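Subject: Structure handover

Hello,

Please find the structure below, with the sequence alongside. My notes on what turned up follow it.

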Amino acid sequence: MKIGLVGGSGYAGGELLRLLALHPHFTVEAISAHSNAGEEITSIHPQLQSYAGRKFTPFEPVDFQGCELIFLALPHGESAKIIAQLPETTKIVDLGADFRLKSKDSWDKYYGGTYAGSWTYGMPDLPGKTAEIQAAHRVANPGCYATSIILGSTPAESFTDMSDLVVVAASGTTGAGRSAKINLIASEVSGSLSSYKFGGVHQHTPEIEEALSVISGQDVKVSFTPILAPMPRGILSTITLKLTRDISIAEVRNYYETFYAVSEFVHLLPEGQMPKTASVLGSNFAQIQVAIDSHTNRLVISVAIDNLGKGAAAQAIHNANLMSGFAATAGLLGNGLGA
């Protein structure tokens, strides 16, 4: 199946190319990049030696006419600008935020610019989503933080108060994109932790609230504090929710195990074992652990994913597999890299 990638020079684009190189059904025909057009792919992504000799091209719609599916890995606001130039019959997975939100008001508040509408929200590990994604022509890939928080919270919706969702989550620096920024250089990041977009202003907030409100039927409110961690990639989210009834940890674990029984990629760890970002790097896997804080009557959930894998490229391929009629696991069963 012929695949195109618009925006191949960023971190998510590079991870897509790495995973697609080993995919049994997808062949990458067109790879464009804006500022890096004309440069060797391996000059930007030296790890991708299977693409040696190939160059990034400028975005020209004609180059994508023969593609059956296209990935968009562009900065927020850019995907909507080029959609009209791509074939209407071509399936598209957008890794940006342009089509994630149903609410124009939320878009205006957290992103700004022209609101482009919404596509099918592509979180295939949630029960009932597979058929919806299989039938979709256009899919909005979830955000990285949103992925970890929604996966960690959803199974608890029937015994927790979703109007009081509190999250503190740390992400590696690749989550901020490839553009040079002083606060992301090694001298600033190494050996240091810092919060950012502090006070409920992170752009994934409305995405989390929309998705969980649809799932739970509750009016979800999230207090979300992101942290910049001194590592290139990975997300570790700590989620707390007020319990609404007496429940044992054994019952909670049963809820989670049953909920994700059909998912090949989301794993509740054995008791006593904690999620680690190193364990999921380079993969489409999510690790979850749960506990009950009896002192505050809150459920505590820990979730680890790779922000470039499960939080971006790997989940995008998962969605593309379903849209194309392939097995969900095609090209995605590689283990995490570990420490």
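To start with a single position, A84 is exposed, with a relative accessible area of 77%. A84 sits in the loop that runs between α3 (79-82) and β4 (91-94). Its C-alpha atom is 28 Å from that of K310, and the two positions lie 226 residues apart in chain numbering. Please keep in mind throughout that this is a predicted model.

The sheet

Seven strands make up an open sheet with mixed pairing, and their order is β8-β9-β7-β10-β13-β12-β11. The edge positions belong to β8 (194-195) and β11 (266-268); each has a single partner strand, so one side of each has no neighbour in the sheet.

At the β8 edge, the partner is β9 (residues 222-228), joined to β8 by two bridges in an antiparallel arrangement. Within this pairing, S195 is opposite I227 of β9.

Helix α6 (residues 144-153) packs on the sheet. The strands that α6 touches are β7 (160-171), β9, β10 (235-243), β11, β12 (286-293) and β13 (298-305). The direction of α6 makes an angle of about 40° with that of β10.

At the other edge, β11 and β12 run parallel and are joined by three bridges. V266 has A286 in β12 as its bridge partner. β12 is also joined to β13, here by seven bridges and with the strands antiparallel. In that pairing, A291 is matched with V300 of β13. β12 and β13 form a hairpin with four residues between the strands, and N297 in this hairpin has a positive phi near 60°.

As background for looking at the strands, side chains in a regular strand alternate between the two faces of the sheet.

Aromatic pairs

There are eight aromatic pairs in the structure. Two of them are described here, using the distance of the ring centres and the angle of the planes.

The pair of F59 and F64 has its ring centres 5.6 Å apart and its planes at 40°. Stacked would need planes under 30 degrees apart and edge-to-face over 60, so this pair counts as tilted. F64 is buried, at 0% relative accessible area, whereas F59 is partly exposed, at 21%. The cut-off for buried is under 20%, which means that F59, at 21%, falls outside that class.

The pair of W107 and Y111 is stacked, with 4.5 Å from centre to centre and 20° between the planes. W107 is buried, with a relative accessible area of 3%. Y111 is partly exposed, with a value of 21%.

The second largest pocket

What is the volume of the second largest pocket? The figure is about 240 Å³. The lining of this pocket consists of 15 residues, and those nearest its centre are K102, Y121, K129, A211 and V214. At least two lining residues come from each of β5 (120-121), α5 (129-134) and α8 (205-216). The most is given by α8, which supplies five residues to the lining.

That is the list of what I found.

Regards

Note on methods
Residues are numbered from 1 along each chain as its sequence is written. This is a predicted model: local features need pLDDT of at least 70, side-chain atom pairs count only at pLDDT 80 or more; totals for chains, interfaces and linings use all residues. Side-chain values use heavy atoms; hydrogens and water are left out. Two strands pair if DSSP finds at least two bridges between them. Contact means heavy atoms within 4.5 Å. Axes are lines fitted to C-alpha atoms, for helices over the stretch in contact, and angles run from 0 to 180 degrees between N-to-C directions. Rings of Phe, Tyr and Trp (its six-membered ring) pair if their centres lie within 6.5 Å; planes under 30 degrees apart count as stacked, over 60 as edge-to-face and the rest as tilted. Buried means under 20% relative accessible area, exposed over 50%, partly exposed in between (1.4 Å probe, protein chains only). On a 1 Å grid over the protein atoms alone, a cavity is a set of points where a 1.4 Å probe fits but cannot get out, and a pocket is an open set with protein on both sides within 12 Å along at least five of seven lines; lining residues have an atom within 4 Å of a point. Grid points are joined across faces, edges and corners, and a volume is the space filled by probe spheres set on the points.
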